[in-house]
Amino acid sequence: MAGVVAISTQVEAAVRAALAEVLPADLAGADPVVRRSARADFQADGALAVAVSGPGFVNVTVPDQVVWTAVAARLADARLGVAASRSGERVVVDYSGPNVAKEMHVGHLRSTVIGDALVRVLDHLGAEVVRQNHVGDWGTQFGMLIQYLDEHPEAAWQGQGVATMSALDALYRAARAAFEADPAFADRSRARVVALQAGDEPTVAAWRALVEESEEAFARVYDRLGLLLDAGDLDGESRYNAALPGIVAELLAAGVAVESEGAVVTFTDSVNDPDGDPVPLIVRKKDGGYGYAATDLATLRLRVEHYRADRILYVVDARQALHFRMVFDTARRAGWLPDGVSAEHVPFGTVLGADGRPFKTRSGATVRLADLLDDAEAAARAVLREKGDDFTPAERDAVVHAAATAAVKYADLSTTRTRDYVFDVDRMVASSGNTGVYLQYAHARVRSILRKAGERAQDVDGAAPAHPAEKDLVLTLDAFDATLRDVAATLEPHRLCGYLYDVATAFTRFYDLCPVLKAEGATRGNRLALCELTSRTLATGLDLLGIAAPERL
């Protein structure tokens with residue numbers, strides 16, 4: 001990064017220096033509010049106001065030499081001018097969180113994809129990132145399922161490959177129905193939970209088999225989506241089971257928790273129900289079982305004490321906002337979440353169907369994540385078939401997979417995180433508009449130009465004039481570092497999506513107005529250099545979203 005200073009930073013420094021020469025000392029340090037302009041290269045919105053001249057702005061034009069110097073500097077930097085601005089920060093990111101013995105479904109998509117993108121961006125900016133996949137692998141439901149399997153030995157589920165989880169999911173539903181309809185079976189299931197917690201060998205063996213099969217199924221989905229999560233990131237609820245009695249005892253001893261109607265609860269100031277009564281956070285239920293709050297408190301405590309986290313992110317849907325507010329408040333008051341550690345709920349909206357309701361199958365069932373990916377691949381294959389190509393079958397399969405994955409991920413990530421969005425597979429795989437496939441095509445187009453040129457980008461000539469479209473592209477590329485810092489601060493990946501789309505559209509304008517392959521001399525060299533910088537920026541940005549950037553598409 002040494003020596004690479006964003007053009008916007010240089011402009012702001014120049015405006016500040018100019019203001020400092022003419023303003024009183026008490027006003028000289030005011031923010032000039034520099035931003036891109038449709039009338040010039042930049043505009044300083046705060047300059048006239050600071051100078052007591054009323055509303056208005058100052059237009060700023062960047063010299064061509066500064067533009068080409070920036071291109072050369074970024075090309076010479078393996079990080080494209082992006083600073084390791086988060087170096088020294090340790091961040092724990094909790095995301096995905098599927099349940100053992102249940103298939104991953106559309107409800108897991110957003111946490112998984114958003115969490116993966118945030119992990120990539122934070123890591124790229126130098127943070128030490130700890131990935132945590134807090135899977136649901138403990139609780140009453142396992143006693144219920146294990147008991148059902150024990151009583152129905154004919155219910156085969158193991159050794160069915162990708163169909164194993166579908167079989168388990170069906171058995172889980174059958175066990176749940178039996179639990180609700182048959183009090184005697186419910187009692188036997190609860191006794192099986194006690195046996196599991198006590199370490200009964202046959203019960204634990206059955207539980208481990210369920211966990212292992214589920215982990216293999218999770219891995220298949222993660223590999224298909226191209227995620228960073230692996231077996232080493234698994235952080236099951238079972239890990240915290242032994243710590244829960246101590247969590248409750250310490251909260252009671254500290255006066256943070258109280259007993260209420262046989263349960264142990266905590267209260268958070270100003271959190272009341274519609275009648276004005278305080279809303280309890282149930283740490284231990286009246287039957288002696290532990291709620292999610294107890295596990296979340298134990299998890300948070302470990303992340304502070306063991307992982308030494310500076311920042312803890314929970315990528316969980318918006319409906320859990322109150323739960324996390326109360327968990328964080330309880331942990332603060334218990335001394336488990338120090339003032340110097342940030343715990344943040346990263347909420348997101350819902351994936352909707354065409355009817356504007358949560359995405360379901362025609363029968364009303366939850367959509368399996370694998371089926372959703374199958375649909376995207378089928379749509380991408382149809383688009384490719386219609387366009388025609390000269391790929392080998394293996395190459396075509398790879399392109400279809402890359403395009404389908406990009407389509408699904410980008411549709412999610414390009415939506416403002418807290419908003420709902422409609423899952424429209426035909427729109428997602430379109431090669432025009434603000435889609436992941438469009439960005440892949442843009443990158444492949446740039447690579448095609450560079451292949452046709454048959455030469456590597458040469459040294460940039462800083463004395464050459466810059467066409468307005470060249471300058472616009474350079475100034476758009478200039479915002480890469482600022483965009484990534486913005487994503488890390490706001491935890492909003494759609495800002496990176498918007499930046500990459502701006503780069504792609506700026507490149508299209510540049511290529512339409514500025515011939516590359518027909519250009520000669522310094523003009524050709526500078527334009528090839530600009531193509532190379534655009535290609536590398538698009539590829540890096542897409543990778544930070546977890547999206548491949550094929551050379552051909």
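How many Å² does the chain expose, and what share of that do carbon and sulfur atoms supply? The exposed area comes to about 24900 Å², and carbon and sulfur atoms account for 51% of it. Please keep in mind throughout that this is a predicted model.

**The chain as a whole**

Let us start with the overall picture. The C-alpha trace spans about 85 × 65 × 40 Å along its principal axes, and the chain has 20 helices and 12 strands. Of its 553 residues, 50% count as buried. Contacts that reach across the sequence can be put in numbers too: taking those between residues at least 6 apart, 73% join residues at least 24 apart. As for charge, there are 58 positive and 77 negative side chains, with the centres of the two sets 4 Å apart.

**A parallel sheet**

Now to one sheet in particular. It is open, has 4 strands in the order 5-4-9-10, and its pairing is parallel. Strand 5 (128-132) and strand 10 (342-345) stand at the edges; each has a single partner strand, so one side of each lacks a neighbour in the sheet. From one strand to the next, the twist averages 15°.

Strand 9 offers a good view of how the pairing works. With strand 4 (residues 90-94), strand 9 (residues 311-314) pairs in the parallel sense over 4 bridges. Strand 9 and strand 10 also pair in the parallel sense, again over 4 bridges. The table gives some of the residue partners.

| Residue | Partner |
|---|---|
| V91 | R311 in strand 9 |
| V92 | I312 in strand 9 |
| R311 | S342 in strand 10 |
| I312 | A343 in strand 10 |

Read across the sheet, R311 is the bridge partner of V91 and stands opposite S342 of strand 10. In the same way, I312 is the bridge partner of V92 and has A343 as its bridge partner in strand 10.

Which way do the side chains of strand 9 point, and are they buried or exposed? R311 and L313 point one way, I312 and Y314 point the other way, and all are buried. In a regular strand, side chains alternate between the two faces of the sheet. Strand 10 alternates as well, but burial there depends on the face: A343 and H345 point to one face and are buried, while S342 and E344 point to the other and are not.

A helix belongs in this picture too. Helix 12 (residues 321-334) lies across strand 9 and strand 10, and its direction makes an angle of about 165° with strand 10.

**Two residues in helices**

Finally, here are two residues to look up in the viewer. T295 lies in helix 11 (residues 292-305). Why does T295 count as buried? Its relative accessible area is 9%, and buried means under 20%. Leaving aside residues up to four places away in sequence, T295 touches H134, E237, Y240 and L244.

K452 is found in helix 16 (residues 436-453). Is K452 buried or exposed? K452 is exposed, because its relative accessible area is 64% and the cut-off for exposed is over 50%. If you would like a distance to try in your own software, take the C-alpha atoms of K452 and Q197: they are separated by 66 Å, and the two residues are 255 residues apart along the chain.

Methods. Residues numbered from 1 in each chain as written. Predicted model: local features only at pLDDT ≥ 70, side-chain atom pairs only at ≥ 80, totals over all residues. Heavy atoms only, no water. Buried < 20%, exposed > 50% of the residue type's maximum accessible area, 1.4 Å probe, protein only. Contact = heavy atoms within 4.5 Å. Areas by Shrake-Rupley, 256 points an atom, 1.4 Å probe, with all protein chains shown as cover. Lys, Arg positive; Asp, Glu negative; His and termini not counted. Charge placed at Lys NZ, Arg CZ, Asp CG, Glu CD. Pairing = 2+ DSSP bridges. Axes fitted to C-alpha atoms, helices over the stretch in contact; angles between N-to-C directions.
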